[in-house]
Amino acid sequence: MSVCSKTGLSKQQQERWPYLYRHLLEEIDIPDFNSVTENDIEKLDSDLKKLIKRIGDAKSKSRESLTKHLSSVIFRRFGKNAIVESFGSSVTNLSIGTGDLDLCLSFKNKTPQKVLRKLSGVLQEEGMDDIQLIPKARIPIVKFRDPRSGLDVDISLDNRLAIYNSMMLKSYAQEERLRRLVLMVKHWASRRGINNAFEGTLSSYAWTLLAIQYAQIVQPPLVPNRQENYTKRPLTFHGKTFDVGFDDEPYSTDNTMSLASLLIGFFDRYATRWDWEAMVVSIRNGAHVSTKEKKWEHVGPLPLEVVTGSDEGRMQHVMPIEDPFDHDHDLSRVLRAEGAMSIQDEFMRAIHMLSEGKSWQDICEPIFDINEEPEDLFHDLRKSSADEVASRLEELRTELEGVEKQIQELVEERQNSKELLELLRGGLQETRNVRSDRQQILSELRPLSLKVQELREVRDGINQRIAIPTKRIHQEMARIFEKLTSEVDIFNAPTLGVERGDFAYFFELQAMYQASLQSNEAHQEFIRLRREQNEEYRALKKTRKQEEDVLVKLIENNPALEGVHLNPKSVKEFQKNAKLLQRSINQQYSTKHELRREIGRLEAWQRISSKNKRNQQRRSPNPTTRRNRRRPPEVNINEVRQKASSGDSISLNELDALLSKGGIASLNNSEQIKSKQKQRPSKKRTSGRIDIRQGRTRGRKQMRK
Ligand code: CTP
Ligand code: MG
């Protein structure tokens, strides 16, 4: 793969960051916004307005109900000690609909041990997906996805500063143009894949601060510094005290710039006119503070050096952005070299495309597949007849009924299953002592049985060898002994051979007698142990009976437990079943959600088309009259604007055109843009002013060596 000798970037990297690459090679100049025409700005403004209308916070209801649901789940698990608060875009009024749900969990008293682990347990029971624990972060956090609403959720622990900074962002967002500017910046960053702190780019929060800082320094300022004239409010947290006070009074502005001009200004400012080496974004100061003053000068390699492998050191303060309350926190510390390169490239891309009059939609073209609704919500229905729409609606309603019924059944089943689980748990608790007795008996029974078996083998082994009973042996011994010890009849004296045989027989009887005694002993012991064993068996049976009694009682109260064994394995099976049921419920809920959405869309279409029909009928009772009606003369909007601003009289038609193109306010904007154009030198800026981060200007590299 060919590596660029000047930048060190591989072919793949050159393709990944094409705008930045060409700037590094000084192949393209910094674009000149003087070339942006008024028409382009107007077009951009109208694109932005349409988009803002469209994005809204479509999921605000889902956020609300999910917040309620999660709060109740958390209260159930941790009791009244827990506090759940929302922060982030769901409270700041700065949501672009695709954002996550940010919740903060804190505790009035002591924080329970292993709280994140416990929390993830309940979330699992609730059927949440992709649960991830990040316990070691500055603020510990659990991330997951709610399968029903599709919302990504972050629950962070004791994230108190975030609650206050969210309130302050909300206070800033009372200026509608700032709110819209933030939305557009977040929208762009999100679609271009550069708003994810976990992936090494900047968080949505950091992008919001950038937009606020720009709004503070634009002339005249669009927003004031809310931390200038305010009442202090100290908050001690993690052993440090922060001042979280800010001015929450309503404010007004002299700035009349259009949203499009503000957005262009934002990109122009941060892409080319912000010295990241020397300036720290600081909204609490109302303007940048110097990196030197903050001791936040860039340390370590440049992103370019890291991605080209020429330096593997750690980068610090790459794009310094100060947190408004935690002044030691640089929000760019999450930046990875690749993320920083992507941000630079996106800034370059945005200013080029804006200067070329490209549409906002093109500028925000998503870098990954997103499931986006077509701009026209009813595109597929326009060709369908009213009857077709009506019959589709009917089908969907029937399907919805079916799904609702299924949900109800599943919910009931899960409820029953949970109740049974509780009963089983209760039963297990009740029989805990019995089970421990049984364990004790079983542990004693095992060696006892072995001993019994051993004794049986000893006894039977001997008995097999000696077939004669002990008593018989004893009699035989007495007889032979008598024979061997009685007086000898000299006329009938036994031969030596007979006598030897008797002696041998006697000794044999003696050995047999010994063995037989052993066998008897073993037998006695065997009998004793068997008795003991039987007692243990009886005790075991008793414990079973006790357990059965509990189970019978349980079954009497709930026949569904018939056939269930009272043991931890059954409890586990019930738990698994409850989880599976919850998963099915979630799936059915999302189907229901989809169906309702589609039904709503078809109903809306029915309403719109019948209204259109009525209007048409009303407007054209007689087609000839309509055809004869004169069309108003076309007007040139630029001429109208000129007339209006110079005080010339304008016709009704022209007034109508002016109002529909942004009204009188648009005159100010166009004037402002013109005067801005006049102020700026028309000379093209050269790429020499590109961000110094890339090490191309001011001998940055030499300075660092
Ligand atoms: N936050 C913070 N410090 C950070 C990042 C975030 O204090 N380093 C807090 C801020 O209060 C911010 C909230 O977390 O408002 C949510 O951050 P984020 O999700 O990045 O911003 P949102 O505005 O919620 O963006 P989105 O709509 O994309 O979710
Ligand atoms: Mg968020």
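Helix α4 (residues 60–78) has 19 residues that should span 27 Å at 1.5 Å a residue, and its end C-alpha atoms lie 26 Å apart, which agrees. The expected span is 1.5 Å times one less than the number of residues. Helices (H or I, at least four residues) and strands (E, at least two) are DSSP runs numbered from the N terminus. This is a predicted model, in which local features need pLDDT of at least 70, side-chain atom pairs count only at pLDDT 80 or more, and totals for chains, interfaces and linings use all residues. Residues are numbered from 1 along each chain as its sequence is written, chains are lettered from A and ligands numbered from 1 in the order in which they are written, and side-chain values use heavy atoms, leaving out hydrogens and water.

In α4, the buried residues are Ser62, Arg63, Leu66, Thr67, Leu70, Ser71, Val73, Ile74 and Phe78. They cover an arc of only 170° around the axis, which puts them on the same side of α4; the arc is that of the directions from the helix axis to the C-beta atoms. Lys61, Glu64, Lys68 and Arg76 are exposed on the other side of α4. Buried means under 20% relative accessible area, exposed over 50%, and partly exposed in between, with a 1.4 Å probe and protein chains only. The buried residues of α4 pack against β1, α5 (89–92), β2, α6, β4 and β5, where contact means heavy atoms within 4.5 Å. Just after α4, Gly79 takes a positive phi of about 75°.

The strands among these partners belong to an open sheet of five strands with mixed pairing, in the order β1-β2-β5-β4-β3. Its edge strands, β1 (82–87) and β3 (129–134), each pair on one side only; two strands pair if DSSP finds at least two bridges between them. On average, neighbouring strands of this sheet are turned by 20° against each other, direction ignored. Strand β4 (residues 141–145) runs antiparallel to β3 and is joined to β3 by four bridges. Asp129 stands opposite Arg145 in β4.

Two further helices meet the sheet. Helix α6 (residues 115–125) lies across β2 (101–107), β3, β4 and β5 (152–157), and runs at about 175° to β3. Helix α7 (residues 160–172) packs on the sheet and touches β1 and β2, with its direction making about 35° with that of β1. Axes are lines fitted to C-alpha atoms, for helices over the stretch in contact, and angles run from 0 to 180 degrees between N-to-C directions.

The magnesium ion (ligand 2) has as its protein donors Asp100 (OD) and Asp102 (OD), which lie 2.0 to 2.1 Å from the ion. Donors are N, O and S atoms within 2.8 Å of the metal (3.2 Å for Na, K and Ca); water is not among the atoms, so sites may look incomplete. Asp100 is partly exposed at a relative accessible area of 26%, whereas Asp102 counts as buried at 11% relative accessibility.

Another aspartate, Asp45, sits in helix α3 (residues 38–55). Asp45 counts as buried at 11% relative accessibility. Leaving aside residues up to four places away in sequence, Asp45 touches Ser258, Leu259 and Ala260.

Helix α10 (residues 259–272) has 14 residues and reaches 20 Å from its first C-alpha to its last, close to the expected 20 Å. In α10, 14 of the 14 residues are buried, so the helix is largely enclosed by the rest of the structure. For α13 (residues 337–355), 18 of the 19 residues are buried, so α13 is also largely enclosed. Gly357, just after α13, takes a positive phi of about 75°.
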